[in-house]
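This report examines how the parts of one protein chain are held together. Please consult the sequence and the structure below before reading on.

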Amino acid sequence: MADMIYPPKPRPGDRIAVLSPSAGLPAVFPDVYELGLSRLRDEFGLLPVEFPTTRAAAASARERAQDVTAAFADPSISAIMASIGGDDQITVLRHLDDDVIRANPKPFFGFSDNTNLLNHLFGLGVVAFHGGAVMTSLARGGAMHPLSASSLRAALFTPGWHELTASADFGDEPNDWADASLRHVPPRMWPVDGWHWEGPQRLVEGPLWGGCLEILSWLLQAGFVAPPERFDGHLLVIETSEEMPAAEEVFRTLRNMGERDMLRRFAAVLVGRPKAWSFDRRCTAEQKAVYREEQRDAVRRAAAAYAPDAVLVFDLDIGHTDPQQILPIGGDARVDGVARRIGVCY
């Protein structure tokens, strides 16, 4: 396969498409959505442009795909950002016009269910960006977390290498969007002690691939993932969602990747800090600690069986927890197990 293409960066003042290729939640929580849009305008200097299904609560997969294709085709649009995730974006993929996307590569930002589009763009040879949805980190109560803001700014505007930073605090209990009084109140945060390194102490470098583990499992089941040999020398990134999958499900997904002859090909596995609280499962601090350790152990077990030479890094701020740093899917990364540093190329 040809080398991956880094799409041209937008500049402040440019137009950015805001799409809802998964769930039409801007129609359900318009004030949360508007807060994220205002920060795109006021803090990043970008001009949000909506498409027909951006605020549509029940758009079809074909209609959402038409918006994605149209955003790539529009020469006045410099970048594309998802409003939010969802759970059925996989049904959108077969309706996309891949020739249009290849001919008009642009930076795409999203995570969670947007792992579908990240993987699709990877297959087309286009680097895309895990993170940065409008209604999550951009619409965070009070203000964006400084680490989220600096990472998104670098990924949007600054090509080249960027060093990831271990956050001093984190949160996984977001404000209730139904309570408008919390719009300007920061969510609860807790101190943390950084990343946890395991496995060989060595320097590895290669392109990133991955995203939300539940979505990766669906893509593998649907046959939408490249053949195992495509991932030789790559670095795997995984994180889990607010649905809080059981540790055994995490292990089985990774085990199945191992049986697919895929897992051994990754030189490193970067694991996001697991989200351990949801409005449906309000775990205590003790329950959270148990859940997170079970998640780490699931990854350890799979890596020991199928990728014993991989460098493992746990508790990165890269997914459904707060803050959220941006990762270039298909773009280059350096994982230094000796100096314990991680760099990504935006």
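Is Glu293 buried, partly exposed or exposed? At a relative accessibility of 34%, Glu293 counts as partly exposed. The model discussed here is a predicted one.

## Glu293 and its salt-bridge network

The partner of Glu293 in a salt bridge is Arg300, with 2.8 Å between the closest N and O atoms. Arg300 is partly exposed as well, its relative accessible area being 22%. Both values lie above the 20% under which a residue would be called buried.

This pair belongs to a network of salt bridges that links Glu198, Glu293, Arg296, Arg300 and Asp315. Across the whole structure, a search finds 22 salt bridges.

## Salt bridges between distant parts of the sequence

Arg140 and Asp322 join through their side chains in a salt bridge, with an N to O distance of 2.5 Å. Arg140 is located in the loop between β5 (128-130) and α5, and Asp322 in the loop between β13 (311-316) and β14 (327-329); the pair therefore ties together parts that are 182 residues apart in sequence. Arg140 counts as buried at 12% relative accessibility, and Asp322 counts as buried at 13%.

A salt bridge also connects the side chains of Asp172 and Lys288, at 2.8 Å from N to O. Because Asp172 lies in the loop between β7 (169-170) and β8 (190-191) while Lys288 lies in helix α8 (residues 285-306), this pair ties together parts that are 116 residues apart in sequence. Asp172 is buried, with a relative accessible area of 1%. Lys288 likewise counts as buried, at 5% relative accessibility.

## The nonpolar core

In soluble globular proteins, nonpolar side chains tend to be buried together. Here the largest nonpolar core comprises 103 residues, and Trp209, Leu254 and Val335 are those with the most contacts inside it. The element that gives the most to this core is helix α5 (residues 146-157), which supplies 6 residues.

Which residues does Leu254 contact, leaving aside its neighbours within four places in sequence? On that basis, Leu254 is in contact with Leu213, Leu236, Ile238, Leu263, Val299 and Ala302. Two of these partners, Val299 and Ala302, appear again among the α8 residues in the packing of α7 against α8.

## Packing of α7 against α8

Two packed helices are described by the angle between their axes and the distance between the axes. For helix α7 (residues 247-259) and α8, the axes come within 8 Å and cross at roughly 20 degrees. The helices are therefore roughly parallel, since the angle falls under 35 degrees. The crossing of α7 past α8 is right-handed.

On the α7 side, the residues that meet α8 are Ala247, Glu248, Val250, Phe251, Leu254, Arg255, Gly258 and Glu259. Their counterparts in α8 are Glu294, Gln295, Ala298, Val299, Arg301, Ala302 and Tyr306. Leu254 thus has a place both in this helix pair and among the residues with the most contacts inside the core.

## The surroundings of Ala61

Ala61 lies in helix α2 (residues 61-73) and is buried, with a relative accessible area of 14%. Leaving aside its neighbours within four places in sequence, Ala61 is in contact with Thr91, Val92 and His95. Ala61 and Ser22 are 39 residues apart in sequence, and their C-alpha atoms are 8.5 Å apart in space.

Definitions and conventions. Residues are numbered from 1 along each chain as its sequence is written. This is a predicted model: local features need pLDDT of at least 70, side-chain atom pairs count only at pLDDT 80 or more; totals for chains, interfaces and linings use all residues. Side-chain values use heavy atoms; hydrogens and water are left out. A nonpolar core is a set of buried Ala, Val, Leu, Ile, Met, Phe, Trp, Tyr and Cys residues joined through side-chain atoms within 4.5 Å. Buried means under 20% relative accessible area, exposed over 50%, partly exposed in between (1.4 Å probe, protein chains only). Helices (H or I, at least four residues) and strands (E, at least two) are DSSP runs, numbered from the N terminus. Contact means heavy atoms within 4.5 Å. A salt bridge is a side-chain nitrogen of Lys or Arg within 4 Å of a carboxyl oxygen of Asp or Glu. Axes are lines fitted to C-alpha atoms, for helices over the stretch in contact, and angles run from 0 to 180 degrees between N-to-C directions. Angles under 35 degrees count as roughly parallel, over 145 as roughly antiparallel, 65 to 115 as roughly perpendicular and the rest as oblique. A crossing is left-handed if the near helix is turned anticlockwise from the far one by less than a right angle, and right-handed if clockwise.
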